[in-house]
Amino acid sequence: MTALAEPRLIAASQAEERVPEAVGLIHLVIPACNEQGGILAAMRSVEAQSVQPYRRIVMSDNSTDATVELARSRPGWEVWESVGNTGRKGGALNQVWERLNPELQDSDFLVTMDADTILDPHFLETAQAKFHASRESLGGVCANFTGLPLQSALGVLQTMEYARAERITRSRRGFAPILAGAATMFSVAALRAVHRSRGRLYEPVLTEDYELSLALRVHGYETLAPRACRAQTELMPTVRMLWAQRLRWYRGAFECLRTYRLRRGVRSDMAWLAFSLWAAATRWLFIAAIAYTVLTVGQVSFTPWLLLLFALAAAIRAIQVQALGWKYMLAAGLLVEELYYAIFLETVLWRAFYLAAVKRGDATW
Amino acid sequence: MFTTSPTFFLATIAIVVAIMFTVGMNVLWALFALTLIVTTAVAIWRTIPRAER
């Protein structure tokens with residue numbers, strides 16, 4: 001592993017000798033690459049936590065903007081810089097891990113968060129409490145996310161998507177298939193189990209957080225997103241940016257699952273993605289069939305049963321965004337805007353599947 | 001759509017048209033209805049909150 005630069009700033013409290021405690025210490029890391037726009041807000045959200053981390057670290061990875069200078073302007077933070085990293089965010093986090101690991105105890109916690117994430121003031125407290133209330137098999141606790149304000153149709157659609165994701169998590173009794181790198185508290189013992197098995201913590205993949213989640217699950221650890229753990233994250237302001245983000249997520253997921261194949265704890269993810277591909281293809285066939293019928297016959301009619309199914313689907317979609325208020329419920333119930341959005345996401349999904357299957361090894365961040 | 005993969009895009013269109021002509025409209029409706037039933041059932045199941053573990 002490449003040597004790291006010396007920390008530029010060490011808080012006075014962190015320079016003191018570690019005092020053994022019954023409660024594990026929290027070590028928080030923000031990996032950041034050219035994040036001058038959001039880094040300070042993310043750091044302030046950490047400083048406002050009801051339980052303060054033992055160490056607060058910003059790991060700048062090949063930043064060429066003012067990220068490092070801004071991070072150094074806040075007292076109580078260590079600012080590190082990656083050295084020779086070509087492994088994206090996972091590579092930078094591996095360098096952090098190599099440096100921190102000798103100082104950590106199994107009872108400690110490692111928190112990773114993105115530089116465009118705003119933690120709820122009680123995130124660390126509630127996540128740590130979840131660990132103390134759970135069995136040793138708990139590997140990580142991540143946040144339920146809401147979007148930072150974005151006044152556009154795209155913002156509304158993404159907001160509804162995040163609300164649905166939270167609702168789904170609640171239906172799974174808090175189980176989170178992915179510990180989102182945007183805000184997760186890990187058990188150091190669990191991370192060490194993964195590290196021991198393969199010699200590094202993060203793999204050099206597009207979605208290093210999903211891959212690590214899979215690794216933890218394969219090792220028998222639980223991954224949760226308790227309702228009380230909350231954070232806000234940036235929404236994509238343009239279609240192009242949303243396309244790029246989702247393409248990375250979906251392609252990363254396909255590539256990770258290709259590596260893990262049908263191992264226990266992973267099969268449900270694979271089944272769900274396969275079904276999503278099938279559902280997307282069916283929807284497109286349906287739309288193509290309607291277009292073909294209209295063009296050849298001149299009209300199209302649906303059976304009452306199909307219309308009933310549409311009505312039921314509309315009602316469910318509205319209920320899923322109940323927490324956002326009636327305006328969102330109305331938008332969801334009308335289905336039209338969300339149909340565009342669904343078709344967009346499904347197109348990205350198929351594109352990602354194609355890239356993962358055909359264009360192996362040329363993925364870009 | 002598929003701007004960097006015209007072959008993939010054209011192949012997709014060809015497959016869609018071929019499926020439509022091969023299986024016929026009734027089968028397509030049935031396939032779509034079946035998928036909609038399954039997705040709706042999954043959506044209902046995933047809308048019900050359950051006690052956190």
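Select Arg317(A) to begin: in this predicted model, Arg317(A) is partly exposed, with a relative accessible area of 28%. Now add Glu338(A), whose side chain meets that of Arg317(A) in a salt bridge (3.0 Å, N to O). This pair links distant parts of the chain, since Arg317(A) sits in helix α11 (residues 304–320) of chain A and Glu338(A) in helix α13 of chain A, 21 residues apart. Is Glu338(A) buried or exposed? With 5% relative accessibility, Glu338(A) counts as buried.

**More charged pairs**

Side chains of opposite charge can pair when their charged atoms come close. Over all chains, the structure holds 19 salt bridges, and a few are worth a visit.

Next, select Glu161(A) and Arg246(A), whose side chains form a salt bridge (2.6 Å, N to O). Glu161(A) belongs to helix α6 of chain A and Arg246(A) to helix α9 of chain A, so the pair ties together parts that are 85 residues apart in sequence. Turn on the surface if you like: Arg246(A) is buried, with a relative accessible area of 1%, whereas Glu161(A) is partly exposed at 23%.

Move on to Glu47(A) and Arg74(A), where another salt bridge joins the side chains (2.6 Å, N to O). Glu47(A) is in helix α2 (residues 39–47) of chain A, while Arg74(A) is in the loop between α3 (67–72) and β3 (78–81) of chain A, so the two tie together parts that are 27 residues apart in sequence. Glu47(A) counts as partly exposed at 24% relative accessibility, and Arg74(A) is partly exposed too, with a relative accessible area of 21%.

For a group rather than a pair, pick Arg198(A), Arg200(A), Glu203(A) and Glu211(A): salt bridges with shared partners join them into one network.

**Zoom out to chain A**

Show chain A as a cartoon and you will have 13 helices and 10 strands to look at. The C-alpha trace spans about 80 × 45 × 45 Å along its principal axes. A compact globule of 365 residues would have a radius of gyration near 21 Å, and chain A agrees with 22 Å. Buried residues account for 52% of the 365 residues in chain A. Of the contacts in chain A between residues at least 6 apart in sequence, 79% join residues at least 24 apart.

**Into the nonpolar cores**

Select Val29(A), Leu100(A), Leu212(A) and Leu216(A), the residues with the most contacts inside the largest nonpolar core, which has 56 residues. Several elements of chain A each supply at least two residues of this core, among them β2 (55–60), α4 (88–100) and α8 (208–218). Which element gives the most to this core? That is α13(A), with 9 residues.

Stay with Val29(A) and display its surroundings: leaving out residues up to four places away in sequence, Val29(A) touches residues including Ile57(A), Met59(A), Leu93(A), Val96(A) and Leu100(A). Then select Ala32(A), Val46(A), Leu124(A) and Ala180(A), which are included in a second, separate core of 36 residues.

**Last stop: a patch across two chains**

Finish on the surface with Tyr292(A), Ile13(B), Val17(B) and Phe21(B), which make a nonpolar patch of about 360 Å². Helix α1 (residues 6–23) of chain B gives the most to this patch, with 3 residues. Click on Ile13(B), which lies in that helix: Ile13(B) is partly exposed, with a relative accessible area of 42%.

Terms used
Residues numbered from 1 in each chain as written. Chains lettered and ligands numbered in written order. Predicted model: local features only at pLDDT ≥ 70, side-chain atom pairs only at ≥ 80, totals over all residues. Heavy atoms only, no water. Patch = residues over 30% accessible without salt bridge, like charges linked within 9 Å, V, L, I, M, F, W, Y side chains within 5 Å. Areas by Shrake-Rupley, 256 points an atom, 1.4 Å probe, with all protein chains shown as cover. Salt bridge = Lys/Arg side-chain N within 4 Å of Asp/Glu carboxyl O. Helix = DSSP H or I, 4+ residues; strand = E, 2+ residues; numbered from the N terminus. Buried < 20%, exposed > 50% of the residue type's maximum accessible area, 1.4 Å probe, protein only. Rg over C-alpha atoms; globule rule 2.2 N^0.38 Å. Contact = heavy atoms within 4.5 Å. Core = buried A, V, L, I, M, F, W, Y, C linked by side-chain atoms within 4.5 Å.
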